[in-house]
Amino acid sequence: MAELSLPFDRWHYPVKKFYDLYDSSIEEPEDFWAEQARQLDWFRTWDRVLEWEAPFARWFVGGTLNACHICVDRHAKTWRRSKVAIYWEGEPGDVRVLSYSTLYREVNRYASVLKNCGVGTGDKVALYLPMIPELPIFMLACARIGAIHTVVFSGFSARALADRINDVGARLLVTADGGFRRGKILPLKSIADEALTMCPSVEKAIVVKRADNSVTLNPPKESWLHDLLEEADPYVEPELVESNHPLYVLYTSGTTGKPKGIVHSTGGYLVHNYVTYKWVFDIREESVYWCTADIGWVTGHSQIVYAPLAHGAATVIYEGAPDYPAIDRWWDIIEKYGVTIFYTSPTAIRTFMGHGEEMLKKHDLSTLELLGSVGESINPEAWLWFYRHIGGERCPIVDTWWQTETGGIMISPTPGIECLPLKPGSAGLAVPGVEVDVVDEAGKPAPREQRGSLVIKRPWPGMLLGIHGDPERYKKAYWSQVPGYYYTGDYAVKDGDGYFWVLGRSDEVLKVAGHRIGTAELEDAAVSHPQVAEAAVVGKTDPVKGESIVIFARLQEGIRPSADQTKSLTSHIRSVVGAVAVPDEVCFVPRLPKTRSGKVLRRVLKAVANDDSIGDVTTLEDESSVQEVIQAYQELKEGKGPGAQKNYAKGKPKKEKR
Ligand code: AMP
């Protein structure tokens with residue numbers, strides 16, 4: 001796709017401004033990052049910019065700061081005290097607007113609640129909450145006292161919540177009675193109750209009253225937040241932590257069944273997010289910024305909470321579903337709050353594309369100035385639709401590539417520095433201070449326009465400190481594939497202009513509607529069903545969600561495939577992992593195709609599900625297993641035999657998309 005010459009007058013700067021900055025950042029990276037870091041408030045300046053004991057990086061060593069001070073206190077002490085920090089809208093339509101001074105008051109009171117519950121510096125606090133203001137307030141309150149938060153996405157099940165709490169060793173859990181989603185109440189407290197039966201480390205639980213559904217609290221271990229707030233002090237001194245004190249642990253999927261607890265620092269993480277936010281979104285004092293991600297994912301951590309608030313920006317948070325009560329809910333929100341920067345996912349854009357432009361006509365989107373996309377590759381067609389119909393052909397689109405592990409944006413257009421030509425479908429160039437490349441199997445730079453592995457060639461400030469409790473896994477997952485380089489797990493192409501085109505994952509990780517889901521995690525969940533003997537999970541290309549989940553499963557001897565089996569396996573996966581991981585298709589097979597050494601050849605299953613050519617199967621123990629899989633999958637699609645189950649669990653069969 002050719003580059004687009006766009007009329008972005010506002011972003012015209014002296015040509016080469018970007019390249020000059022980029023080149024200097026790569027020539028003298030430590031000087032460059034030190035200069036960026038000086039934009040934040042430090043209570044003690046660092047002794048060393050970078051300590052690199054490969055593969056462990058420590059940034060701004062010896063410097064002390066406090067993330068809550070940076071995101072709240074320093075604004076509340078200036079004219080920004082009356083500026084809006086958070087515009088929040090609940091799904092039922094209730095609204096809360098928090099100024100920086102209100103946020104300051106609240107984080108202090110919440111920090112006092114945490115302290116009164118016995119939480120101190122270095123303690124872990126699990127947050128299992130809907131998208132309500134209490135979630136960012138608790139995150140900031142943890143940071144204020146030096147506690148480390150672990151936010152667990154509210155779409156995860158009791159088992160998944162318990163696994164994360166146990167791995168991190170949380171002493172306290174904060175949850176809510178419920179949260180609103182598509183008009184229904186998500187019973188968070190009862191899910192948390194089930195999780196807590198498996199979590200010996202949790203001494204105390206705090207419950208936020210949100211949905212007013214009936215729940216039972218077990219005192220003294222469990223308390224309502226509003227009761228605890230009555231005893232709270234109005235001020236808690238921010239704990240000054242060393243730059244590499246962990247700010248949070250966030251779990252993400254990897255190639256084994258066990259999720260990885262990604263640990264982020266305070267100083268490096270904030271510096272990275274502070275500067276990239278300015279470069280990428282060109283944030284201005286008057287901006288109204290909305291990132292539609294859930295705070296349960298890294299995008300929400302960095303792009304709803306830490307980066308906007310560190311800038312003293314106004315950030316919009318919406319609790320509910322995009323299409324509730326009607327398909328134009330998001331456009332209504334943009335109009336209502338005068339959103340100027342809108343950051344969302346390709347899946348959301350493609351979903352809206354499918355509904356046509358009529359829904360947009362009712363809304364004035366003229367406040368929008370800049371658009372962003374994250375989480376998966378955006379296809380040029382969706383990019384252009386976004387550009388034309390949402391951005392009115394006047395807003396640049398920043399396609400931002402990054403990961404939970406990178407902490408902040410790594411590849412993206414940077415209108416805040418200079419708006420270089422945009423290419424729909426490409427994330428563009430690496431941001432200053434970040435060096436990425438595409439390499440072949442031998443670790444050598446891949447020729448331009450040829451697919452290879454995307455790697456990061458040197459440490460960056462937002463880089464993870466490690467995997468919680470597992471340094472060996474950290475080394476193996478990221479530093480063993482390409483010697484000397486961080487391995488992202490993505491395939492990419494670098495074009496003739498040096499622009500990166502990210503093609504998707506090269507490992508056993510799926511990206512379903514932008515959510516990262518490990519096939520191994522799903523397979524472990526599937527085989528924990530008493531009637532499933534073996535299972536293999538693959539991704540199938542989906543025109544809206546990017547990928548959908550297909551499970552191939554062999555049942556225990558004597559159990560016959562049936563629609564009931566599909567339903568039972570689907571609801572089992574929902575209860576083990578959560579709604580986020582519910583399979584789109586379940587195909588029961590008599591055998592899984594395996595190599596002579598007994599390894600399931602997922603490549604074959606993926607080809608069957610995607611209607612691709614099967615390729616070489618000579619390594620298979622028995623090639624006839626492929627025919628069996630093809631036949632079973634065909635029957636599934638035609639609705640014959642066990643195939644009548646397709647999408648059963650979702651209530652209605654979907655139309656075939658391909
Ligand atoms: P997560 O850690 O859940 O944010 O997922 C990170 C993964 O999402 C990356 O490794 C990519 O596979 C994918 N991803 C994120 N942003 C983009 C993007 N702008 N273009 C293509 N893929 C992306």
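**Domain packing and the ligand shell**

Good morning. In this chain, the C-alpha centres of domain 1 and domain 2 are separated by 27 Å. The bounds, which come from an automatic or database domain assignment, give domain 1 as 1–66 + 240–434 + 495–502, domain 2 as 98–238 and domain 3 as 517–651.

A word on the basis: this is a predicted model, in which local features need pLDDT of at least 70 and side-chain atom pairs count only at pLDDT 80 or more, while totals for chains, interfaces and linings use all residues. Residues are numbered from 1 along each chain as its sequence is written, and side-chain values use heavy atoms, with hydrogens and water left out.

Between the two domains, 33 residues of domain 1 are in contact (heavy atoms within 4.5 Å) with 31 residues of domain 2. Together they bury about 2,800 Å², 62% of it on carbon and sulfur atoms; buried area is the accessible area (1.4 Å probe) lost on putting two parts together, summed over both. Asn66, Tyr251 and Glu319 supply 25% of what domain 1 buries against domain 2, more than any other three residues.

I turn to the ligand. Its shell holds 15 residues, the closest being Asp399, Thr400, Thr404, Lys511 and Arg516; a shell residue has a heavy atom within 4 Å of the ligand.

Three polar contacts (N or O pairs within 3.5 Å) deserve mention. A backbone N or O atom of Thr400 lies 2.7 Å from a ligand nitrogen. Side-chain N or O atoms of Gln403 and Arg505 each approach a ligand oxygen, at 2.9 Å for Gln403 and 2.8 Å for Arg505. Thank you.

Terms used: A polar contact is a pair of N or O atoms within 3.5 Å; within protein, one must be able to donate a hydrogen and the other to accept it, and residues adjacent in sequence count only if both atoms are side-chain atoms.
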